[in-house]
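Work through these short exercises with the model in view. Try each task before you read its solution.

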Amino acid sequence: MKKIEAVIKPFKLEDVKEALLKYGITGMTITEVKGYGRQQGHTEFYRGAEYVVEFLPKIKIEVVVRAEDVDGVIKAIAQAARTGKIGDGKIFVSNIEKVVRIRTGETDEEAI
């Protein structure tokens with residue numbers, strides 16, 4: 001099993017959610033986060049004063065999938081989240097050793 005974490009632009013959340021549902025992913029965790037990469041934030045003006053916004057709002061999506069589904073899920077997320085502009089985000093994949101569904105006690109692939 002693998003955990004896929006995708007950090008994307010907030011306005012792409014609905015597109016990514018729909019792409020994952022089409023792929024058959026029914027469960028996901030969404031977190032509002034802030035961060036920056038190469039873009040290093042940006043400058044804004046408020047009431048005539050200039051200030052730097054270093055950490056930009058992003059959305060982090062987490063899903064746990066079977067190892068054989070990783071490439072398809074990554075492709076679905078990347079296509080749905082891509083705008084072609086800087087700051088589109090990143091996708092991370094890590095190993096999951098164990099999953100337990102609390103309500104039923106099911107474990108591993110039965111629990112996802």
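**Exercise 1.** How much area does the protein chain expose, and what share of it do carbon and sulfur atoms supply?

*Solution.* Remember that this is a predicted model. Start with the total: the protein chain exposes about 7800 Å². Then take the share: carbon and sulfur atoms supply 50% of that area. Now turn to burial. Of the 112 residues, 29% count as buried, where buried means under 20% relative accessible area.

**Exercise 2.** List the secondary structure elements in order, then judge the overall spread of the chain.

*Solution.* Count first: the protein chain has 2 helices and 6 strands. Read from the N terminus, the order is β-α-β-β-β-β-α-β. Next, compare sizes. The radius of gyration is 17 Å, well over the 13 Å that the globule rule gives for 112 residues, so the chain is more spread out than a compact globule. Finally, look at the box: along the principal axes, the C-alpha atoms fill roughly 60 × 25 × 20 Å.

**Exercise 3.** Which residues are the bridge partners of Ile4 in E5 and in E6?

*Solution.* Begin with the strands. E1 covers residues 2–8 and pairs with E5, residues 56–65, in the antiparallel sense over 7 bridges. E1 also runs antiparallel to E6, residues 89–95, and 7 bridges join them. Now find the partners. In E5, Ile4 is bridged to Val63. In E6, the partner of Ile4 is Val93.

**Exercise 4.** How far apart are the mean positions of the positive and negative charges?

*Solution.* Count the charges: 19 are positive and 18 negative. Their mean positions lie 4 Å apart.

Conventions: Residues numbered from 1 in each chain as written. Predicted model: local features only at pLDDT ≥ 70, side-chain atom pairs only at ≥ 80, totals over all residues. Heavy atoms only, no water. Pairing = 2+ DSSP bridges. Helix = DSSP H or I, 4+ residues; strand = E, 2+ residues; numbered from the N terminus. Rg over C-alpha atoms; globule rule 2.2 N^0.38 Å. Buried < 20%, exposed > 50% of the residue type's maximum accessible area, 1.4 Å probe, protein only. Areas by Shrake-Rupley, 256 points an atom, 1.4 Å probe, with all protein chains shown as cover. Lys, Arg positive; Asp, Glu negative; His and termini not counted. Charge placed at Lys NZ, Arg CZ, Asp CG, Glu CD.
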